[in-house]
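Visitor: Can you walk me through this one? I'd like the ligand, then some helix packing.

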Amino acid sequence: MSFTAVIVGRPNVGKSTLFNRLVGRRTALVDDRPGVTRDRREGEAQLGDLAFTVVDTAGFEEAPAGSLSARMREQTEQAIRDAGLVLFLVDARSGVTPLDRQFADLVRRTGKPTILVANKSEGRAGEAGALEAYELGLGEPVLISAEHGAGTSDLYAAIVEAVGEAETGNDTETLTDEKPIKVAVVGRPNAGKSTLINQLLGEERLLTGPEPGITRDSISVPYRSHEHAFELYDTAGLRRRSRIEDKLEKLSVAETLRAIRFAEVVVLLVDAERPFEEQDLRIADLVVREGRALVVAVNKSDLVPRRAGALTKLRDEVDHWLPQVRGVPVVMISGLRGEGLDRLMQAVLQSHAVWNRRVPTAALNKWLSAVTSEHPPPAVSGRRIKLNYITQPKARPPTFVLFTSRADAVPEDYRRYLVNALRDAFDLPGTPIRLTLREKENPFDRKKP
Ligand code: GDP
């Protein structure tokens, strides 16, 4: 198997050191390949039995600016585009800086398989910084010390896993072919679903669109945006044949539910002139209950006179109507005019990233002890409920299990408080969060029988 990994990160995190560590003596081969620009070093990396091409982006660094320069961004994006795997490097000693976040956003947006690597992680100072790196939303950091050669076996395991996942398709060169994100567009009749999808896919697609006779479930169409592959579930396309009946059409709950179940991210399209009617909210509720990532798109913005003010008001309204997914992205679009579609796809990507987020157990338990001392659970018949231990067994959507002394006694409002606190602490806006309470001993508390 052969693939290319690119080392990305802000200046001084140790990109070149890692590059040299991976390439070893073979650095001599670097730079004389055709097509390699001067500021982009490439070499053949060897890690255990893994051989791959590695690209160092350290040369992109210019002035030590506090923000990502346009040129650096452009070059980094290009390097990521050309690679199959990103090794995103942070400095565990200095913790997460704003520039790290900018780079992380850039990396996340490309949708490339990414391994978060916390370098310089030797010693205690390193561990704390590595914990912080979770907040970047790029998964669990692999702790290494490029300088001392520590952590390479963890890095090896992470790469094997990433490469393996990317290769579960049938093409062996698919490390560059990320999995498409499944998106469904749902909404009331006449919200503008067909118009939006046709606008996204272009008129040509409309002509060559799905033929009648294909099974309902298989109707999804590929779409690319923001360097990412999407699969759009085209419920609207199903109805093109019966356009005349459209105006009389009722909301088909069964069809909507099928679309929601197909999707990872659901775009709920509402009509700007009549947003958040009961049906809209019912659909939103279905999306949340099915545990999908939600994006609210307020369509027909061309009919709204003062858009900026209207958007703020709509955001508040969404949070009011959908408190269970506070912070859900709201974008204003005009499907008809093709406005706001870029922002829409951006929101889909972001929502998908949050939905996939994993919070490490150590950070969760640190949070739990802080939260419970700040706002302890109530006492039930004179005895305080103990919250022992919390963990996140899965993402998509983020799902947490909290072990407590009295699962049935924890009141609903305290549970809601915990969910909201989790949302804030771990940057999980707008995504359904599942929290299950279990009665079980703390696995780390040996004193208990
Ligand atoms: P669907 O039932 O959700 O698929 O809705 P359609 O796409 O069929 O659109 C319903 C009506 O709304 C049509 O008359 C569209 O032309 C109109 N429409 C859709 N999007 C927009 C928009 O962004 N602005 C305006 N002004 N009208 C729109």
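Guide: Here is the ligand site, followed by one helix pair. The model is predicted: local features need pLDDT of at least 70, side-chain atom pairs count only at pLDDT 80 or more, and totals for chains, interfaces and linings use all residues. Residues are numbered from 1 along each chain as its sequence is written, and side-chain values use heavy atoms, leaving out hydrogens and water.

Visitor: How many residues surround the ligand?
Guide: 17 residues do, counting a residue if one of its heavy atoms lies within 4 Å. The closest are Asn190, Lys193, Ser194, Thr195 and Asp302.

Visitor: Which helix gives the most to that shell?
Guide: Helix 6, residues 193–201, with 3 residues. Helices here are DSSP runs (H or I, at least four residues), numbered from the N terminus.

Visitor: What touches the ligand's nitrogen?
Guide: A polar side-chain atom of Asp302 lies 2.7 Å from a nitrogen atom of the ligand.

Visitor: And the oxygens?
Guide: A polar backbone atom of Asn190 is 2.7 Å from a ligand oxygen. For Leu336, a backbone N or O atom lies 3.1 Å from an oxygen atom of the ligand.

Visitor: How much of the ligand does the protein bury?
Guide: 82% of the 580 Å² that the ligand exposes taken alone. Areas use the Shrake-Rupley method with a 1.4 Å probe.

Visitor: Switching topic. At what angle do helix 9 and helix 10 cross?
Guide: Roughly 35°, with the axes of helix 9 (residues 253–262) and helix 10 (residues 278–289) coming within 10 Å. Axes are lines fitted to C-alpha atoms over the stretch in contact, and angles run from 0 to 180 degrees between N-to-C directions.

Visitor: Which residues make the contact?
Guide: Val253, Thr256, Leu257 and Ile260 of helix 9, with Arg282, Ile283, Leu286 and Val287 of helix 10. Contact means heavy atoms within 4.5 Å.

How values were computed: A polar contact is a pair of N or O atoms within 3.5 Å; within protein, one must be able to donate a hydrogen and the other to accept it, and residues adjacent in sequence count only if both atoms are side-chain atoms. Helices (H or I, at least four residues) and strands (E, at least two) are DSSP runs, numbered from the N terminus.
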